[in-house]
Amino acid sequence: MNFCRGFSAVSPTLILVACVACVVRARPLATTADDTDAMHYLIKYGYLEPGEDHQNPFLRHIALLQFQDYFGLPKTGRDDDDTMKKMEEERCDLRDPVSSTALEIFANVLNLPTAGFDVLSDVPGEGQQRSWFKCTLRWKIVKPSQNLKESDVRNIVTQAMKKYEGALNQDQNEYTFSIEEARDQEDPDIKLLFVTGNHGDTFTFKKKDGVAHAFYPTEGAIHFNDDSNWTIKSKDGIDFEPAVYHQIGHAFGMEHSRNTSALMNPIFKRADVPISLSADDIERMKKLYPPRFCERIHMDRT
Ligand SMILES: [Zn+2]
Ligand SMILES: [Zn+2]
């Protein structure tokens, strides 16, 4: 969060009122056994910036409030049981687009309702919604899993891409999206890879740290940690299906959503929850690919 930048747009009176409230509410947090885990989480997912003073009780209090607000938890500003339990749920590696405006931070501090808007991060590749500027897209499993059957993975990805294609084509006319598996000679746009450890980007996978992430258009790569306990339709591990639907959403340009029914919520859906694009997902998709998008692409190219 860019806290200082947020202050600049607010009147001194409001800052004074809010800071008085901060002093009242920002009691120092006790150091607990979970302290390091909570701190690690808050930094990793964008609630605290790496350069900030993480021992500063005010900044940690704000970061916890932001996290609790994002996930609809009671806003205590403390690493309480509800907060720690939520942090343990399996989730995407990408950061959350937390509020960075002073007014939203103050609303959280004062425990007022927030507007609920997700604010885009300014970290390149981790929060900038972008769209593909074409309607024919090809995908490919570039590096298969050592643990999941490739045919199962291919079937799930094929179904997921069909669902995204259907959603994308809802408001197109004669020019539509075509999303298919790349043939051997074709260069894929969306590349799926199962990898481990340091695999050449800023997201190093560890055995129990890092599950999956993706890059926005026009990069379009999706990486799964092949050391994670992936399963298919089973609760005894991380169900691959909701994870891949979520990552494909990123590969089409979608950011995280705080809506718990959305596939783009950072927490992966459980294996027993039916997979479908929610109204929230479709609304976000339409912002990236509005009605007659493909017609405009076609006109631009002719
Ligand atoms: Zn994600
Ligand atoms: Zn990666």
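A residue counts as exposed if 12 or fewer other C-beta atoms lie within 10 Å of its own, and as buried if 20 or more do. The views below show a predicted model.

**Figure 1. Overview of the protein chain in the predicted model.** The secondary structure consists of 10 helices and 7 strands. The protein chain has 302 residues, of which 35% count as buried. Among the contacts with a separation of 6 or more, 65% are made by residues 24 or more positions apart.

**Figure 2. Close-up of K233 in the loop between β6 and β7.** The flanking strands are β6 (230–231) and β7 (238–239). K233 has 11 C-beta neighbours inside 10 Å and therefore counts as exposed. Its phi is positive, about 55 degrees, although K233 is not a glycine. Most residues other than glycine have a negative phi.

**Figure 3. Close-up of R292 in the loop between α9 and α10.** The loop connects α9 (279–288) with α10 (293–301). R292 is another residue other than glycine with a positive phi, here near 65 degrees. Because 15 other C-beta atoms lie within 10 Å, R292 is classed as partly exposed.

**Figure 4. The cis peptide bond from P217 to T218.** Omega of this bond is near 5 degrees. T218 is located in the loop between β4 (212–214) and β5 (221–225). For context, most peptide bonds are trans.

**Figure 5. Helix α4 and its surroundings.** Helix α4 comprises residues 57–70, and its 14 residues should span 20 Å at 1.5 Å a residue; the end C-alpha atoms are 20 Å apart, in agreement with that expectation. Of these 14 residues, 11 are buried, so α4 is largely enclosed by the rest of the structure. The buried set runs through R60, H61, I62, A63, L64, L65, Q66, F67, Q68, D69 and Y70. Following α4 is G72, with a positive phi near 65 degrees.

**Figure 6. The environment of L64 in helix α4.** L64 is buried because 24 other C-beta atoms lie within 10 Å, a count to be read against the threshold of 20 or more. Leaving aside residues up to four places away in sequence, L64 touches G77, R78, D79 and T83. Y47 is 17 residues from L64 along the chain, and the C-alpha atoms of the two are separated by 7.7 Å.

**Figure 7. Packing of helix α7 against helix α8.** Helix α7 (residues 150–168) and helix α8 (residues 240–251) pack at an angle of about 45 degrees, and their axes are 10 Å apart. The two helices are therefore oblique to each other. The crossing of α7 past α8 is right-handed. On the α7 side, the contact is formed by I156, V157, A160, M161 and Y164; on the α8 side, by F240, E241, V244, Y245 and I248. These contact residues divide into 9 nonpolar, no polar and 1 charged.

Technical notes: Residues are numbered from 1 along each chain as its sequence is written. Chains are lettered from A and ligands numbered from 1 in the order in which they are written. This is a predicted model: local features need pLDDT of at least 70, side-chain atom pairs count only at pLDDT 80 or more; totals for chains, interfaces and linings use all residues. Axes are lines fitted to C-alpha atoms, for helices over the stretch in contact, and angles run from 0 to 180 degrees between N-to-C directions. Helices (H or I, at least four residues) and strands (E, at least two) are DSSP runs, numbered from the N terminus. Angles under 35 degrees count as roughly parallel, over 145 as roughly antiparallel, 65 to 115 as roughly perpendicular and the rest as oblique. A crossing is left-handed if the near helix is turned anticlockwise from the far one by less than a right angle, and right-handed if clockwise. Two residues are in contact if their C-beta atoms, placed from the backbone, lie within 7 Å. Ala, Val, Leu, Ile, Met, Phe, Trp, Tyr, Cys and Pro count as nonpolar, Asp, Glu, Lys and Arg as charged, and the others, Gly among them, as polar. The expected span of a helix is 1.5 Å times one less than its number of residues.
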